[in-house]
Amino acid sequence: MSQPADATFETRLHPPKLDVRACGSCTLCCRLPEIDHFAKPANTWCPNCTAGRGCSIYADRPQLCRDFLCAWMINESLGPEWEPSVANMMVYGQGQQITVLVDPDYPTAWKTEPYATQLNDWAFEARRKGGYIIVFVGDDVFKINPS
Ligand code: SF4
Ligand code: SF4
């Protein structure tokens, strides 16, 4: 069921997990974020990840990996274009911050459509509640200033 049009941004980013979505062959969250638990810098592979195949310790992966779901996995309002392996970026919420991690192999992905317009709209909506969007691209960090 789609979220109502007037649902708040926060509500739309944190609805219950969707049963219809699965990570498939996506492994972006095993590569793009910094993960202290593994002393893993951003944009490097987790040593337990096999590219295109996934986690080699899946049954025994740590709780932080079990708990993490990107926005596409839990938010039905994000269309198929936002599947991380399609968008070449992953989105997740951290309190008032919406974080966008862009695959450095596709550094301009977030500036292309339909992503640029959607991110601007999200930033506009988030700002009304004191929120904001930060985009990480390799070593570069951008705050989206909605127009
Ligand atoms: S980025 Fe999202 S879709 Fe991709 S592996 Fe992580 S949780 Fe799954
Ligand atoms: S332990 Fe597995 S699920 Fe967790 S980041 Fe590494 S490869 Fe991904």
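Ligand 1 sits in the largest pocket, and this is a predicted model, so to speak, from start to finish. Around ligand 1 are Cys23, Cys26, Cys29, Cys70, Met73 and Pro84. Sorted by class, that shell comes out as 6 nonpolar residues, with no polar and no charged ones.

Ligand 2 also has its place in the largest pocket. Its surroundings consist of Cys30, Ile35, Phe38, Cys46, Asn48, Cys49, Cys55, Ile57 and Cys65. The class count here is 8 nonpolar and 1 polar, and again no charged residues turn up in the shell around ligand 2. Asn is not among the residue types counted as nonpolar or charged, so Asn48 is the polar one.

Away from the ligands, the strands come together in an open sheet. It has 4 strands in the order β3-β4-β5-β6, and the pairing is mixed. At the edges are β3 (89-94) and β6 (140-143), each of which pairs on one side only. Going from one strand to the next, the twist averages 20°. In general, strands of a sheet are held in register by pairing through backbone hydrogen bonds, in either the parallel or the antiparallel sense.

For β3, the partner is β4 (residues 97-102): the two run antiparallel and pair over 6 bridges. One of the bridge pairs can be picked out by name, with Met90 matched to Leu101 in β4.

A helix goes with this sheet as well. Helix α5 (residues 115-127) packs on the sheet and touches β3, β4 and β5 (132-137). Its direction and that of β5 make an angle of about 140°.

Two spots in the backbone deserve a look. What kind of peptide bond joins Glu113 and Pro114? The bond is cis, with omega at about 10°. Pro114 belongs to the loop between β4 and α5. The other spot is Ala39, where phi is near 50°, a positive value in a residue other than glycine. Ala39 is found in the loop between α1 (9-13) and β1 (49-50).

How values were computed. Residues numbered from 1 in each chain as written. Chains lettered and ligands numbered in written order. Predicted model: local features only at pLDDT ≥ 70, side-chain atom pairs only at ≥ 80, totals over all residues. Heavy atoms only, no water. Pairing = 2+ DSSP bridges. Axes fitted to C-alpha atoms, helices over the stretch in contact; angles between N-to-C directions. Contact = heavy atoms within 4.5 Å. Near = heavy atom within 4 Å. 1 Å grid on protein atoms, 1.4 Å probe; cavity = no way out; pocket = protein on both sides within 12 Å on 5 of 7 lines; lining within 4 Å. Sits in = over half its atoms within 2 Å of the grid points.
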